[in-house]
Amino acid sequence: MELASFLRIQNSKSRCELERIRLKEFDIELNKSTKCLWRLPASKSREHFYSTIGLMRSLQTDGSFIDQGLSPSPHNSKARILRNGLSVSAFALLENYLKDRIGEVTAELAKTSIRFDDFSVELQSFFSIKAVQGFAKQLNFAEKSDKLNFAKQNISSLAKIFGAPVEYTNFGFSPTGSNVKSDDIKDLPSLFGGPAGWPELQLICKEVGISRMNLSNDLNNFSRARNAGAHDIMTNVASTDLETHLETSLVLGLSCDISITNSVAWICSSKSFTQATASNLTNRPVYKFVRENPDSTWSEWSVGGKRVIKTYPSFELSRAGCLGRKSGHYHTVAIDKFSKPIYII
């Protein structure tokens, strides 16, 4: 073998070995800061929500959604209808994401050693009284031809909170009314033992790099636009309002997800609900960021942002790389080149 070829091979092996050592050191560092937490599995609901909301946000610059001048015209009428429909769809996407994500994280509670009777009164009510109400609501909204199958497939799950093995459902989320309400979201952080209400969700937003003055008002405005658009096709959602509503859907989904995921991880890694709550209230979520670079590559940063672990040529590869890391528990948030969070990996 030629000397030059041999040296290239040895150099390549050395780089690989250095990369393995560097990643091992990263895992050790990460375990030291997050070893107390349970790591939840990869989420299908996240993939669907963040990819869809990203597609919706990209449509804002599509000419079909933008008015051409102030005068009434066939184009402007079509654009109004499209913006209206997108606003309604974005609200439904958020509702489904919260419900599905709650279902994913509460399924992990079956693995905890904490008994149902040791949960807080609010959480016991969520899995029992509110679950029955939520089941009845969904049964009522089901098509007549589907009601029996829905009941047969789901009614037994309500009683499994006392089963062996135990099983918890997401029926208790938003158990009354046709749409998710402000209180449904406000109550999520404290439900699982985390800090209470809107201040916690706004703090999470700030921690991942986005600032909103009043998330509660943003949701109420979004909800009003959704209700108006769903019942009156002539409703006009301005382009600037649509941008705000889509971002509201994104940041609410992101902050609620981090809050409940973090809380359930503490429950799964604690010996009692009281201990889990105490740990949750005294420790902030741990974050790792994947940032888009000016050249459209993506860099995975260590916890604390001290150094780059690895740079990837595309977001898809960075996501796959991050999902492949099994050590510790942390929230990996993708940040675009405009410094805005766009995805929880």
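In the predicted model, helix α2 gives the most residues to the lining of the largest pocket, contributing five. This pocket encloses about 390 Å³ of space. Its lining comprises 18 residues, and those nearest the centre of the pocket are Ile 53, Gly 54, Arg 57, Asp 336 and Ile 342. Two or more lining residues come from each of α2 (44–58), α11 (239–268), α13 (315–323) and β5 (341–344). By class, the lining of the largest pocket consists of eight nonpolar, seven charged and three polar residues.

Apart from the pocket, two cavities of 30 Å³ or more were found in the structure. The largest cavity has a volume of about 40 Å³. Residues Pro 195 and Glu 200 contribute to its lining, together with Ile 258, Ser 259, Asn 262 and Ser 263, and with Asn 280, Asn 283, Arg 284 and Pro 285. Helix α11 supplies the largest share of this lining, four residues. Helix α11 also gives two or more residues to the lining of the largest pocket. Five of the residues around the largest cavity are polar, three are nonpolar and two are charged.

The second largest cavity holds about 30 Å³ of space. It is lined by Phe 91, Leu 94, Glu 95 and Leu 98, along with Val 180, Ile 185 and Leu 219. The greatest contribution to this lining is made by helix α3, which spans residues 74–107 and provides four residues. Six of the lining residues of the second largest cavity are nonpolar and one is charged, while none is polar.

The pocket and cavities belong to a protein of 345 residues, 47% of which count as buried. Its secondary structure comprises 13 helices and five strands. Among contacts between residues at least 6 apart in sequence, 69% join residues at least 24 apart. The exposed surface of the protein amounts to about 17600 Å², of which 57% is supplied by carbon and sulfur atoms.

Note on methods. Residues are numbered from 1 along each chain as its sequence is written. This is a predicted model: local features need pLDDT of at least 70, side-chain atom pairs count only at pLDDT 80 or more; totals for chains, interfaces and linings use all residues. Side-chain values use heavy atoms; hydrogens and water are left out. Buried means under 20% relative accessible area, exposed over 50%, partly exposed in between (1.4 Å probe, protein chains only). Contact means heavy atoms within 4.5 Å. Accessible areas come from the Shrake-Rupley method with a 1.4 Å probe; for residues, only the protein chains shown count as cover. On a 1 Å grid over the protein atoms alone, a cavity is a set of points where a 1.4 Å probe fits but cannot get out, and a pocket is an open set with protein on both sides within 12 Å along at least five of seven lines; lining residues have an atom within 4 Å of a point. Grid points are joined across faces, edges and corners, and a volume is the space filled by probe spheres set on the points. Ala, Val, Leu, Ile, Met, Phe, Trp, Tyr, Cys and Pro count as nonpolar, Asp, Glu, Lys and Arg as charged, and the others, Gly among them, as polar.
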